[in-house]
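Biologist: I am new to this structure and would like to learn how to read it feature by feature. Could you show it to me and then begin with a single residue?

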Amino acid sequence: MEFDGEFELEDVPPEQAWIVLSDPVAVRNSLKGCRYITPMDDDFSYDEYEPDENLETLPEADPEAVAERAFKEGQQYAALMQVGVGSVKPRFETTVTIEERDEEQFIMTATGSGTASGSSFSMESGMQIHPLEGSEGSRIEWWTEADISGRIAQLGSRVIEPVANKIVSNFFGDIERQMSDVEETDSGITDRIRGML
Amino acid sequence: MSSDSERFAEAEDGGPQPEKHCGHGRGGMGEEVKRKEDQRFITGRGNYVDDIKKSGMLHCELVRSPHAHARIEDIDKSRALEVDGVVAVLTADDLLEYDLATMPTLMDDTQDVLVNDKVKFQSQEVAAVIATDRYTAKDGAQKVDVDYDVLDPVVDAADALEDDAPLIRDDIEGQEDNHCLDWETGDEEATAEVFDEAPVTVTEQMLYQRLHPAPIETCGAVGDYDPGKDKLTVHMTSQAPHIHRTLFAQVSGIPEHKIRIVSPDVGGGFGNKVPIYPGYVVAAAASYVLEQPVKWVEERSENIQSTGFARDYDMQGELAATEDGEILAVRTDVLADHGAYNAVAQPSKFPAGFFNIFTGSYDIDTAYGTLTAAYTNTAPGGVAYRCSFRVTEAVYLIERMVKVLADELGMDPAEIRRKNFIQPEQFPYESPTGWNYDSGDYEKALDKALEMADYDHYREEQQRRIETDADKLLGIGISSFTEVVGAGPGKSCDIAGVEMFDSAEIRVHPTGNATVRVGVQTQGQGHETTFAQIVAEELGMDVDDITVEHGDTDTDPYGLGTYGSRSTPVAGAAAAVASRKVREKAKAIAANELEAAEEDITWDRESGEFHVAGAPDRSISITEIAAGAYMNKPAGEDPGLEAVNYYDPPEMTYPFGSYIVVVEVDRETGEVEFEKFVAVDDCGNRINPMIIEGQIHGGLAQGIGTAMMEHVTFDDNGNVTGGDFMNYLLPTSMEIPNFETGHTVTPSPHHPIGAKGVGESPTVGSPPAIVNAVVDAMAHGGISHIEMPMTPDVVWEKLDEAGLAADPADAIALEFDGQWSDEAADD
């Protein structure tokens, strides 16, 4: 199954969009059903891990902390996602690896796979932030290719696509709001974080 | 016979006239006896597998693979075993200990009971959780952690045969590709010659899509091992309990007399309950090991996704003919999808079932057919869904091709059939692929159907609609099908080596009533009534004095089961022959009672009594004879009045019929509506016309589902995307039109009561009639075929292709009062 799209943020410059999309906490907050996204090692246990629920995002967050926790190329992350599709609501234990982060072109790609009772998926995703022609803003292009197995897949694309589209549109709606919030603050913060990244 | 007389009383009041049959008022042959079994079904007193409750009974839930093709790296039971109430978790390793990790399929392939190494289709059985109740078992199943190494799946038969396709059956030694089997029939060279020289040839490619038989009751079992008696009882949803007992004995090593299979009330089978499924084996094995009863009942989606599918034949059909429509030869090439195992359920010498009946009702001298079957990462199947082993596919092929030829030649499809029918005097008729048709009068059935359908009127109306550019096109479809049902004979037909005979045992009790036990098993066909009627007819008893039992291997005579319309042709014959044996003994007792010589005693079918020849007043009924058999037996006779017959049919029977379907096709939406649906059936002598009519109605509904709605689909990852009733559409009363049924009677010459079997004719005969009708509606636009299921989008695409779809621009233009220009609409 392939999904892709793009959206425009007229007032958010690419540098600023990049910082928000690089923050696992900001991404987590915008992703409905996502409990956490956190770096993992071999000993990581989904059953035992307790995420810190009170992490702040920009503009309130400490820029250093935001820079510190930003996605890193080659790093593996654990994510816990619960998705309701039709009558089933599996909880996916998901592993995501950041395959590429191009700080110049604003390209980030990731691979991942998740399992839940009776369902599983694997995916390859990516995004690129382009300057929006004729303005200071950004044009964000994204794509994902997912292989889905089990109960969720059996519901068919007729049921899955609306759910996927809803998750994606909610995500970008929410991330846009977060980016705008950042913009209202001292633009110096983003420059500082960029420097730290 | 109050029920019957009520019906007749109604008729005298001007209600629908029941046909007058040969009945004598005792509920024998030809009488519309109300079904004896319906009392308990209607009042909720049926007893299905899931109704069975045993003290200490445990519940089994199967863990199924979410992947279609994956190697199992590891199964971790520990979290499941921690769940309160989970008693055991079984995997292939546990079953290996008892040599039960695999089981043979009916075609002698080896299927995993629980996957040992590699998952080969989605929802394949990987582990079993046994718990104190069903919900705990389900909770436990969620906590069985299985590590899969996911492999590329292949779900399409053609793709599976490509060189670079992933190898599915690496468990078969020497297997290097996904090729399953090849089969051929007829004369290749002679057929090629006819095709080379024929003035007219037509060809068409058609997929008989994968269907699910969809019995309303899913599969299930209660394994109940009694350590005291060292006996294993398995209550299971089985269409063939005796052969299942034999297979259980062979697989488990438990002696056959220590196994009892009980098939209680079964809520529909349709071929789906002929194979043995892993769940049955697991329930039985778990009960044996735990020494407690274990119940396993599938969910709807498990039934659709993992049990035997039907059809999935991709067929190329070719006809060679003269300019005036005489068919000279037929040729076909089939690609069959058998799923992950070769588990088709048919007589073992018939890898393509009876598909070589594809010359149908027509006198065609030359025929040739080939078939290639492939393994795919889909559930195994190819069961005979309400049909006799691939007859459905054969009938679809020939009945579609005759319509293709008629359109090519511009001939009326009724006329071209008439021209090619096997004539009544040609029977017994030997077909070019080796079938020996018993009897038929195809033109008579067609003529009756044409008259009932008001055929000429609809042809005129069809033309009128074309000429007036009407919103709805009219199509008329015909199917004049012939079936071959009632397998054996045993010399050619066997299941796992056991010859396909069947049996009936009659015990007349001292007080004059009788218990009849048969080797076949009912899944709703009305056996408890039909078999009682046969015995009532042959013994002069009242049908209410006869109880029919079936489905218990401890008490019933051995038989091969109910599928392929074999109950009446085989077990029905056994019931008649056993009755006649009883009658012979009754004669001796009658002679004793009437103080006459045995050779002077005759039996009168009309009165049902025995009397002294020439002296009808000196008569005695079967009730009095029964008393005599136990209380006043003649010297030299054994006491009792019983007989058993194991019947090996000399030939199969060949029911036939003509169906005519008139449809309206909406040019704007592609929706198809049934305007008229006529079904004329000939199943030889008719036992219970009301049951027959019910059978025809149900089968036609399934035929409509086949043609219009049903298809088990997969995505590229091997996910079943038609795996529940939200995505696998069954027809409801909303989609079913009014049926007009009729019949002709051409008895089978070799059957003891001249009957042929009828339950499957409508499922077999109706899909081509429906497709022919929809094709007919757009034949003037050059359309020669539409694939099933003919959902509105499929039909609309064809309308569009033929230039017949209502132009949306017209509709918009009308709505906007002609203000929109053509150019704007084109945009």
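Modeller: Let us begin with Glu291(B), which counts as exposed, with 11 C-beta neighbours inside 10 Å, and keep in mind throughout that this is a predicted model.

Biologist: Where does Glu291(B) sit along the chain, and what is the sign of its phi?

Modeller: The general idea is that most residues other than glycine have a negative phi. Glu291(B), although not a glycine, has a positive phi of about 55°, and its place is in the loop that lies between helix H9 (278-290) and strand E14 (294-297) of chain B.

Biologist: Phe106(A) also has a positive phi; is Phe106(A) buried or exposed?

Modeller: Phe106(A) is buried, because 20 other C-beta atoms lie within 10 Å, and 20 is the number at which a residue begins to count as buried. Its phi is about 55°, again without the residue being a glycine, and it is found in chain A, in the loop between strand E4 (91-102) and strand E5 (107-116).

Biologist: How should I read the peptide bonds, and which bond leading to Pro428(B) is cis?

Modeller: As a general rule, most peptide bonds are trans. The bond from Phe427(B) to Pro428(B) is cis, with omega near -5°, and Pro428(B) is found in the loop between helix H12 (413-420) and strand E19 (429-430) of chain B. A cis peptide bond also joins Met788(B) and Pro789(B), where omega is about -10°; here the proline is in the loop between helix H19 (761-777) and helix H20 (792-801) of chain B.

Biologist: How far may I trust such details, and what is the mean pLDDT of chain B?

Modeller: The general caution is that where pLDDT is low, the predicted coordinates should not be read in detail. For chain B the mean pLDDT is 94, and 95% of its residues reach 70 or more. Over residues 1-21 of chain B, however, pLDDT stays under 50, and the model has 21 contacts beyond four places in sequence for that stretch. Residues 820-827 of chain B likewise stay under 50, with 7 such contacts in the model. For the model as a whole, the scores are ipTM 0.75 and pTM 0.90.

Biologist: Turning to chain A, how many helices and strands does it have?

Modeller: Chain A has 6 helices and 7 strands, and from the N terminus on they run β-α-α-β-α-β-β-β-β-β-α-α-α. Its radius of gyration is 17 Å, close to the 16 Å that the globule rule gives for 197 residues, so chain A is as compact as a globular protein of that length. Along the principal axes, the C-alpha atoms of chain A fill a box of roughly 50 × 40 × 25 Å. Of its 197 residues, 30% are buried, and among the contacts between residues at least 6 apart in sequence, 65% join residues at least 24 apart.

Biologist: Which residues touch the most other members of the largest nonpolar core?

Modeller: That core holds 243 residues, and those touching the most other members are Val129(B), Val282(B), Val516(B), Val535(B), Ala575(B) and Val774(B). Helix H16 (residues 567-594) of chain B gives the most to this core, with 13 residues. To follow one member, Val516(B) is in contact with residues including Ala504(B), Phe531(B), Val535(B) and Ala575(B), once neighbours within four places in sequence are left aside. There is also a second, separate core of 29 residues, which includes Tyr77(A), Ala79(A), Ile175(A) and Ile193(A).

Biologist: How do I read a sheet, and what is the order of the open sheet of 3 strands in chain B?

Modeller: The order is E27-E28-E29, with antiparallel pairing. Strand E27 (601-604) and strand E29 (615-620) are the edge strands, each pairing on one side only, and the twist averages 45° from one strand to the next. Between E27(B) and strand E28 (residues 609-612) there are 4 bridges; Trp603(B) has Phe610(B) as its bridge partner in E28(B).

Biologist: Finally, how many residues of chain A are in contact with chain B?

Modeller: On the side of chain A there are 11 residues, in contact with 10 residues of chain B. Strand E6 (119-131), strand E7 (138-150) and helix H4 (151-154) of chain A each supply at least two residues of that side, and E7(A) gives the largest share, 4 residues.

Technical notes:
Residues are numbered from 1 along each chain as its sequence is written. Chains are lettered from A and ligands numbered from 1 in the order in which they are written. This is a predicted model: local features need pLDDT of at least 70, side-chain atom pairs count only at pLDDT 80 or more; totals for chains, interfaces and linings use all residues. The radius of gyration is taken over C-alpha atoms; the globule rule is 2.2 Å times the number of residues to the power 0.38. A residue is buried if 20 or more other C-beta atoms lie within 10 Å of its own, exposed if 12 or fewer, and partly exposed in between; C-beta atoms are placed from the backbone. Two residues are in contact if their C-beta atoms, placed from the backbone, lie within 7 Å. pLDDT is the predictor's confidence in each residue, from 0 to 100. A nonpolar core is a set of buried Ala, Val, Leu, Ile, Met, Phe, Trp, Tyr and Cys residues joined through C-beta atoms within 7 Å. Two strands pair if DSSP finds at least two bridges between them. Axes are lines fitted to C-alpha atoms, for helices over the stretch in contact, and angles run from 0 to 180 degrees between N-to-C directions.
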